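Student: I have a model open and want to learn how to read it. Can we go through it feature by feature?

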Amino acid sequence: MGTGCVHVVGAGLAGLAAATALAETGRCVILYEAAPHAGGRCRSYFDAELGCRIDNGNHLLLSGNRAALDYLDRIGAHGSLEGPLEAVFPFVDAVTGERWTVRPNKGALPWWVWSAKRRVPHTRAPDYLAALALRRASPSATIAAVLDPRQRLFPRLWEPLAVAGLNTGAEQGSAKLFWRMLAQTLGRGGAACRPLLPRVGLSESFVEPALARLRAKGAEIRFGARLRALTFGRDRVSDLDFETASIALDSADGVILAVPAAIAARLVPGLIVPDRHSPIVNAHFRCAPPAGSPFFVGVIGGAAEWIFRKREVLSVTVSAADRFVECAAPELRDLLWRDVAVGYRLPAHPVPPARIVKERRATFLASPEQLKRRPRQKTAWRNLLLAGDYVDTGLPATIEGAIRSGFAAAGLATDCQPRAFSKTVASGGWAAAH
Ligand SMILES: Cc1cc2nc3c(=O)[nH]c(=O)nc-3n(C[C@H](O)[C@H](O)[C@H](O)COP(=O)(O)OP(=O)(O)OC[C@H]3O[C@@H](n4cnc5c(N)ncnc54)[C@H](O)[C@@H]3O)c2cc1C
């Protein structure tokens with residue numbers, strides 16, 4: 001891509017990761033964002049009705065998400081996450097009220113599955129080892145076709161992890177992708193599975209510090225800049241056509257297109273991208289979370305799936321939430337609060353004020369068919385690269401995937417890897433992006 005300016009279009013996490021990595025190398029960077037704010041699908045805002053800041057959706061990181069942690073290091077926000085000191089996953093059965101905590105041991109040898117105190121109640125070690133079958137799964141296999149849904153462990157561990165990680169039900173989710181996710185987290189032991197959450201909010205951790213870093217490095221950031229079209233020459237992009245202005249590219253300039261899949265497909269001729277999406281529903285309940293209560297609780301057998309304790313809200317996530325997207329907000333509020341009340345031992349009435357956020361196109365559907373549609377980062381035009389959670393990172397559509405794709409695009413744009421990225425490459429997903 002040469003040594004000219006890199007025009008990064010889209011200021012979600014992929015665009016921010018690419019822009020910060022490039023700015024770090026001293027490269028001229030201009031970041032364009034259609035919205036008046038950065039962060040895309042991962043941001044915080046003030047909700048006037050609730051009277052507090054909320055995240056668009058709860059986002060959980062794990063300590064094994066190396067690219068995401070490299071990114072936070074780079075923008076000076078590593079200390080902005082919090083979580084339990086060890087890999088602990090508390091669960092509650094919404095029907096029976098039974099509680100248990102899954103506690104993987106620190107090292108990669110998973111002796112925790114032999115400890116009744118650390119595994120799911122009423123399960124045995126061989127139930128866990130059955131997951132090794134995922135490693136040999138064919139690219140067309142779904143999770144439910146490889147793991148036995150009748151086993152007790154399935155609804156109590158594998159299914160909740162798959163739905164949370166892939167935002168796709170086990171009946172549709174790719175077994176191969178689930179295996180890759182497990183291999184990089186549970187497979188590397190508890191040290192790679194410590195849950196991490198933003199102490200204040202998503203924007204305070206992932207977005208604002210990145211913008212500050214970019215400005216400090218002299219990068220230009222243009223909000224309200226919606227790219228309408230690209231002009232293509234024989235082997236390179238020659239112009240960027242924004243709603244407000246057209247920009248002619250220099251022969252050494254490059255473009256990183258970090259917009260969502262559907263927008264990229266509209267802008268780039270012949271680009272094939274995942275075209276089925278999966279929704280996520282979040283409910284933010286304004287209440288004082290009980291002091292000393294867990295950072296989050298997984299719910300089995302309820303309507304809620306995960307409940308997160310934030311500073312001013314208790315917040316529910318339901319992934320692969322097709323069954324709820326058409327439900328009216330008051331109905332969802334009452335339904336989900338029932339599980340919060342059980343999970344956090346709170347009164348069932350009155351139901352606190354709540355904001356229901358439905359992200360209909362939260363991520364692409366991680367089915368075997370859709371995965372075949374993930375594009376590579378390089379395009380047919382030598383100065384145009386793609387970044388975003390939908391490109392073929394080998395990971396599900398996550399913060400980690402988006403940031404890896406941004407780092408990889410920055411590496412390709414400079415024909416070398418950004419400094420902090422070298423650690424990430426070692427963890428494996430990057431190679432799949434090429
Ligand atoms: C509710 C919810 C919960 C989630 N939970 C988790 C979780 O727990 N853990 C996890 O790891 N991941 C989670 N994710 C996924 C994660 O948020 C995404 O994978 C990631 O944020 C995607 O980043 P991106 O940069 O690829 O895309 P986006 O965030 O979509 O960024 C694209 C940017 O491009 C801009 N844009 C669009 N069109 C144009 C244009 N024409 N010109 C200029 N700019 C344009 C958009 O405004 C946007 O800012 C969740 C997502 C949602 C929605």
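The dialogue below moves from domains to the ligand, then to helices and single residues.

Tutor: Keep one thing in mind throughout: this is a predicted model.

Student: Let us start at the top. Into which domains is the protein chain divided?

Tutor: Read the bounds as segments. Domain 1 covers 6–42 + 201–274 + 369–433. Domain 2 covers 45–61 + 195–199 + 276–364. Domain 3 is 101–192.

Student: How many residues of domain 2 are in contact with domain 3?

Tutor: 10 residues of domain 2 meet eight residues of domain 3. On the domain 2 side, strands E15 (277–286), E16 (296–300) and E19 (354–364) each give two or more residues. That side holds five nonpolar, four polar and one charged residues. As for spacing, the C-alpha centres of domain 2 and domain 3 are 24 Å apart.

Student: Now the ligand. Which residues come nearest to it?

Tutor: The ligand has 36 residues around it, and Gly10, Gly12, Gly40, Gly57 and Thr398 come nearest. By class, the shell divides into 19 nonpolar, 11 polar and six charged residues.

Student: Which elements each supply at least two residues of that shell?

Tutor: Helix H1 (13–24), strand E2 (29–33), E15, E19 and helix H11 (399–413) do.

Student: Where does the ligand lie relative to domain 1 and domain 2?

Tutor: Look at who contributes. Both domain 1 and domain 2 give residues to the shell, so the ligand lies between them.

Student: How do I read a nonpolar core?

Tutor: The general idea: in soluble globular proteins, nonpolar side chains tend to be buried together. Here the largest nonpolar core has 127 residues. Those with the most contacts inside it are Ala18, Ala19, Phe178, Ile256, Ile307 and Ile403. Take Ile403 as a case. Beyond four places in sequence, Ile403 touches Leu13, Ala14, Ala17, Ala67, Ala68 and Tyr71.

Student: Ala67, Ala68 and Tyr71 belong to which buried set?

Tutor: They are among the buried residues of helix H2, along with Arg66, Leu69, Asp70, Leu72 and Arg74. H2 spans residues 66–74, and eight of its nine residues are buried. Just after H2, Gly76 takes a positive phi of about 75°.

Student: Let me try one residue in H1. Is Leu16 buried or exposed?

Tutor: Count the neighbours. Leu16 has 32 C-beta neighbours inside 10 Å, and 20 or more makes a residue buried, so Leu16 is buried. Leu16 is found in helix H1. Outside four places in sequence, its contacts are Ala11, Ala38, Val207, Ala210 and Gly406. Gly406 is 390 residues away in sequence, yet the C-alpha to C-alpha separation from Leu16 is 7.3 Å.

Student: How do I read a helix such as H9?

Tutor: Begin with a rule. An α-helix has 3.6 residues a turn, so residues three or four places apart point the same way. Then the case. H9 runs over residues 329–343, and its 15 residues reach 21 Å from first C-alpha to last, close to the 21 Å expected. Its buried residues are Leu332, Leu336, Trp337, Asp339, Val340, Val342 and Gly343.

Student: What do the buried residues of H9 pack against?

Tutor: Strands. They are E7 (89–93), E15, E16, E17 (306–309), E18 (313–318) and E19.

Student: Which residues does Gly97 touch beyond four places in sequence?

Tutor: Val92 and Val342. Gly97 and Val342 are 245 residues apart along the chain, with C-alpha atoms separated by 7.0 Å. Gly97 is in the loop between E7 and strand E8 (99–102). Gly97 is exposed, with 10 other C-beta atoms within 10 Å.

Student: What should I look for in the backbone angles?

Tutor: Look for exceptions. Most residues other than glycine have a negative phi, and most peptide bonds are trans. Arg345, in the loop between H9 and E19, has a positive phi near 50°. Asn167 also has a positive phi, of about 50°. Asn167 sits in the loop between helix H5 (153–166) and helix H6 (175–184).

Student: Are Arg345 and Asn167 buried or exposed?

Tutor: Arg345 is exposed, with 11 other C-beta atoms within 10 Å. Asn167 is buried, with 25 C-beta neighbours inside 10 Å.

Student: Which peptide bond is cis?

Tutor: The bond from His349 to Pro350 is cis, with omega near -5°. Pro350 lies in the loop between H9 and E19.

Definitions and conventions
Residues are numbered from 1 along each chain as its sequence is written. This is a predicted model: local features need pLDDT of at least 70, side-chain atom pairs count only at pLDDT 80 or more; totals for chains, interfaces and linings use all residues. Domain bounds come from an automatic or database domain assignment. Two residues are in contact if their C-beta atoms, placed from the backbone, lie within 7 Å. Helices (H or I, at least four residues) and strands (E, at least two) are DSSP runs, numbered from the N terminus. Ala, Val, Leu, Ile, Met, Phe, Trp, Tyr, Cys and Pro count as nonpolar, Asp, Glu, Lys and Arg as charged, and the others, Gly among them, as polar. A nonpolar core is a set of buried Ala, Val, Leu, Ile, Met, Phe, Trp, Tyr and Cys residues joined through C-beta atoms within 7 Å. A residue is buried if 20 or more other C-beta atoms lie within 10 Å of its own, exposed if 12 or fewer, and partly exposed in between; C-beta atoms are placed from the backbone. A residue is near a molecule or strand if its C-beta atom, placed from the backbone, lies within 6 Å of it. The expected span of a helix is 1.5 Å times one less than its number of residues.
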